[in-house]
Amino acid sequence: MKISHNWLKDFIKTDLSDDKISEILTDIGLEVEGIAHVGISKEDLENFVVGEVVSCEKHPNADKLKITEVNLGSETVQIVCGAPNVALGQKVPVAKPGAIIKDDKGGAFKIKKAKLRGEVSNGMICSKKELRISHDHAGIWVMDTELMPGTPLSEILDTSTDAVFEIGLTPNRADAMSHFGVARDLHVALKARKLNSVYQKPEIKEIPKSTAKNPIEVEIKDSELCPRYAGLYIKNVKVEESPLWLQKRLQSIGLFPKNNVVDITNYILHHVGQPMHAFDADKIKGNKIIVSTASKGSKFHTLDKAERTLNGNELMIQDAHSNLAIAGVMGGLESAVNNETANIFLESAYFNPVSVRKTSKAHAINSDSSFRFERGIDPHFTVKALKLAANLILEIAGGEIVGEIADNYPKPINNFTAVLQYRKVDQLLGERLHRNTIKDILKLLEIDIISETPTSLELEIPAYRVDVRREADLIEEILRIYGYNSLLGNEKVSFSIVPGEGFEKDKIINTLADSLVALGFNEAMNLSMYNEELNQLFGFEDDQSIPILNALSSDLSVLRRSLYPALLKNVDYNLKRKQEQIKFFELGNTYQKKGDEFIEDQVLTMVVSGSQHAVHWDNPEKEVDIFYLKGIINHLLSKFKLNDIQWEEHQDVFSVYTLKGFIHNKEIVKLGSFNKETLKRFDIDQVVYFAEINLENFINTYLNRKETVFKELSKFPQVKRDLALLIDKQITYQTIVETIHELNNPLIKSVDLFDVYEGDKLPADKKSYAISLVLLDENKTMKDKQIDEIMNQVIKILKKELNVELR
């Protein structure tokens with residue numbers, strides 16, 4: 001937000017420098033991000049004079065150029081001019097050789113005597129834009145005919161300069177969204193610091209009375225969305241260019257002047273913070289203003305010449321037949337004030353902040369009006385601002401007021417009340433402020449004391465302070481004005497860090513990420529939205545997805561249900577750039593909706609494809625496979641002592657196969673291989689394997705694990721026995737392990753699969769597994785009889801439960 005120092009002087013007078021004012025504004029929460037110096041100084045206008053065109057002829061060698069003779073008072077010179085409006089007898093601004101033309105971006109060039117298409121030109125006839133007094137560059141500036149040739153422009157133009165503060169305003173400070181608001185806050189700060197300050201509130205003059213009736217009737221159909229609406233009819237205005245002082249004010253803060261009526265509404269907005277709008281009254285059909293919500297699907301052309309389709313939730317300003325403006329956001333093209341307008345209807349209102357914000361976001365309109373309405377303006381200043389604007393219009397554009405102000409305010413908005421306890425102030429500030437200091441600051445902030453006790457104050461807070469509602473807000477206000485730097489503070493600070501679940505969780509996640517990086521993985525960070533069409537590809541129900549309101553594109557229409565799609569896009573991108581080792585992981589959240597419940601899960605997802613490692617002469621190339629990825633998972637699990645995982649086969653619509661890993665009946669991880677249909681959707685033509693760890697289950701399982709117990713190695717040797725089994729194809733290795741563990745024999749320490757065979761030497765519905773069992777008795781050396789007895793038990797239960805045959 002840009003704030004002009006010269007403009008501030010309308011409200012506050014102080015002898016402080018720009019830098020000091022900047023420092024104080026920043027101290028009180030209105031952070032000044034920079035100071036720009038604008039305007040035209042006398043030095044800038046050196047070698048610029050008034051000239052009189054005494055001759056104007058067509059250039060012999062160029063259709064769009066003219067050769068003029070210009071009287072500069074002391075001499076008459078030839079100047080070649082390309083402006084279409086240059087003519088004999090005009091008084092014009094002339095830049096003589098040596099003059100420097102500057103622009104608003106810091107650029108500059110020096111005027112020199114030159115030849116243009118073979119004709120000598122001794123200077124340049126200037127437009128208003130080239131003099132930096134307007135953005136009008138349609139032609140040269142035709143000046144007052146009474147001006148004398150040779151008069152320096154520095155004697156005609158305003159040569160005052162200005163400092164413009166760029167304030168990074170926080171969203172809660174709606175009260176400071178104008179020059180008046182900033183001046184009010186600055187005055188409070190200066191008085192609290194006992195610095196000189198003369199403060200003047202806006203002078204509200206009464207408008208001329210009219211015995212006639214206001215021709216425009218106002219009807220509010222939804223007082224919740226429009227608590228207050230005021231309007232005034234002014235006839236016979238003359239719409240034309242604004243006076244230079246008004247143009248300069250607006251230009252100083254980066255606004256382009258349009259015409260006097262529109263410029264006045266913009267001036268009032270930045271002057272006192274009240275957005276306003278002027279309608280061409282002759283285009284209000286039925287002489288009636290209706291404030292109501294829009295019809296869904298109807299079309300509306302806004303001032304920016306865009307056609308917008310209304311969703312039915314917008315609050316609109318309407319006449320008897322059509323929409324005139326989107327309330328608090330932007331006016332309509334059809335009812336806009338232009339140079340042909342003779343009668344206007346001036347609007348000043350208070351619209352519901354939430355409604356304005358939803359509308360502005362729905363249509364991607366960020367106007368100066370919506371910026372203020374959606375944060376909350378002063379509902380009590382509506383009519384005052386209307387009077388300010390009306391008096392300015394009468395002064396600048398002429399006209400006559402017809403009727404009284406139509407002020408519709410069915411449910412007045414009251415000031416807020418709150419209780420402030422002194423002990424809370426002391427507690428939050430860390431030191432005791434004098435009670436009179438607290439009361440003085442509150443008085444400066446226009447917060448009235450309703451009642452007082454030795455320990456507390458009951459306060460009435462102005463309605464324009466929408467950010468001050470609670471006791472903590474009041475304390476923040478006191479500290480803001482008292483000064484953060486004024487607190488003494490303690491030289492010594494003592495505290496102790498108590499590790500909690502949050503610390504442990506972050507530590508676990510960081511350890512997982514570091515381990516994967518050490519194994520050659522790269523971390524990906526993708527957007528948490530994707531195209532809704534991907535739900536079907538990955539088997540997700542559309543009604544369980546969470547849509548994005550006002551999505552930027554269809555590719556970002558819903559919150560992601562999985563991290564797979566984005567990672568597959570990463571794979572495709574890298575494969576197309578000849579990357580042979582694909583090892584990616586991403587830590588992120590997935591989102592879904594079940595009934596009225598929104599579910600957010602944190603997962604760690606991995607994808608691998610291509611080579612396991614870089615090719616080297618002593619390390620042949622080896623492709624990744626499911627066992628490689630399962631080894632990665634086992635490495636991560638063992639790092640956290642989670643070794644008792646049970647695997648089950650599973651089928652997903654996007655995979656060739658999927659394995660799910662459980663610990664204590666909680667799903668910890670799943671891994672598998674994407675099928676061809678899924679890979680084709682992402683233009684990938686090689687195998688890609690995936691794994692996904694449910695971080696909530698992983699972390700909870702780790703935190704609730706049994707403490708690791710260390711013991712010395714057994715004195716007695718372990719025994720290893722192998723079995724070759726002929727089994728049905730549908731039987732999994734996990735089933736065999738679980739069946740053996742049903743014996744509950746503590747001497748069986750492990751079961752491992754070391755060979756799988758399927759081929760023409762076996763029946764079509766059979767396969768061969770070779771497994772190895774490790775046996776150990778920690779109290780004695782095992783004898784052959786004991787070993788054979790255990791092996792027979794294993795064979796017996798496998799035959800009985802799984803119909804296994806020994807090979």
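Me: With which side chain does the side chain of Thr-658 make a polar contact?

Reply: First, a caution: this is a predicted model. Now the case. The side chain of Thr-658 makes a polar contact with the side chain of Asp-652, at 3.1 Å.

Me: Where does Thr-658 sit, and what is in contact with it?

Reply: Thr-658 is in strand E35, residues 655-663. Leave aside neighbours within four places in sequence. Then the contacts of Thr-658 are Glu-648, Glu-649, His-650, Asp-652, Lys-670, Leu-671, Gly-672 and Phe-690.

Me: Is Thr-658 buried or exposed?

Reply: Look at the relative accessible area. Buried means under 20%. Thr-658 has 1%, so it is buried.

Me: Which residue offers its backbone nitrogen near the side chain of Ser-242?

Reply: Asn-260. Its backbone nitrogen lies 3.4 Å from a polar atom of the Ser-242 side chain. Ser-242 belongs to the loop between strand E16 (228-235) and helix H4 (244-252). At 5% relative accessibility, Ser-242 counts as buried. Beyond four places in sequence, Ser-242 is in contact with Gln-247, Asn-259, Asn-260 and Asp-263.

Me: Now helices. How do I check the span of H3?

Reply: Use 1.5 Å a residue. The 14 residues of H3 should span 20 Å. The end C-alpha atoms of H3 are 20 Å apart, which agrees.

Me: How many residues of H3 are buried?

Reply: 12 of the 14 are buried, so H3 is largely enclosed by the rest of the structure. Among them are His-179, Phe-180, Gly-181, Val-182 and Leu-190.

Me: And Lys-191? Is it in a helix or a strand, and how exposed is it?

Reply: Lys-191 is in helix H3, residues 179-192. Its relative accessible area is 38%, so it is partly exposed. Not counting residues up to four places away in sequence, Lys-191 touches Ser-197 and Leu-444.

Me: How far apart are Lys-191 and Asp-440, in sequence and in space?

Reply: Compare the two distances. Along the sequence, Lys-191 and Asp-440 are 249 residues apart. In space they are 9.7 Å apart, C-alpha to C-alpha.

Me: What does the same reading give for Glu-52 and Val-70?

Reply: They are 18 residues apart along the chain, and their C-alpha atoms are separated by 5.3 Å. Glu-52 lies in strand E4, residues 48-58. At 24% relative accessibility, Glu-52 counts as partly exposed. Leaving aside neighbours within four places, Glu-52 is in contact with Glu-69, Val-70, Asn-71, Gln-90, Lys-91 and Pro-149.

Me: At what angle do helices H9 and H11 pack?

Reply: Read the angle, then the distance between axes. H9 (residues 422-429) and H11 (residues 471-482) pack at about 60°, with axes 10 Å apart. Their crossing is right-handed. H9 contributes Lys-424, Val-425, Leu-428 and Leu-429 to the contact. H11 contributes Glu-471, Ile-475 and Leu-479. By class, this contact has 5 nonpolar, no polar and 2 charged residues.

Me: Why do residues spaced along a helix point the same way?

Reply: An α-helix has 3.6 residues a turn, so residues three or four places apart point the same way.

Me: What span should H11 have, and how many of its residues are buried?

Reply: At 1.5 Å a residue, the 12 residues of H11 should span 16 Å. Its end C-alpha atoms are 16 Å apart, which agrees. H11 is mostly covered, with 9 of its 12 residues buried. Those include Leu-474, Ile-478 and Arg-480.

Me: What covers the buried residues of H11?

Reply: The cover includes helix H2 (18-27), H3, strand E26 (416-421), H9, helix H10 (435-444) and strand E28 (456-461).

Me: Last topic: phi. What sign is usual?

Reply: Most residues other than glycine have a negative phi.

Me: Which phi values do Lys-305 and Asn-665 have?

Reply: Both are positive. Lys-305 has a phi of about 70° although it is not a glycine. Phi of Asn-665 is near 65°. Lys-305 is in the loop between strand E19 (299-301) and strand E20 (307-309). Asn-665 is in the loop between E35 and strand E36 (666-674). Lys-305 is exposed, at 67% relative accessible area. Asn-665 is exposed too, at 77%.

Me: What phi is found just after H3, and just after H11?

Reply: Just after H3, Lys-194 takes a positive phi of about 60°. Just after H11, Gly-483 takes a positive phi of about 110°.

How values were computed: Residues numbered from 1 in each chain as written. Predicted model: local features only at pLDDT ≥ 70, side-chain atom pairs only at ≥ 80, totals over all residues. Heavy atoms only, no water. Helix = DSSP H or I, 4+ residues; strand = E, 2+ residues; numbered from the N terminus. Buried < 20%, exposed > 50% of the residue type's maximum accessible area, 1.4 Å probe, protein only. Contact = heavy atoms within 4.5 Å. Expected span 1.5 Å × (residues − 1). Polar contact = N/O pair within 3.5 Å; in protein donor to acceptor, adjacent residues only side chain to side chain. Axes fitted to C-alpha atoms, helices over the stretch in contact; angles between N-to-C directions. Left-handed = near helix turned anticlockwise from the far one by under 90°. Nonpolar A, V, L, I, M, F, W, Y, C, P; charged D, E, K, R; others polar.
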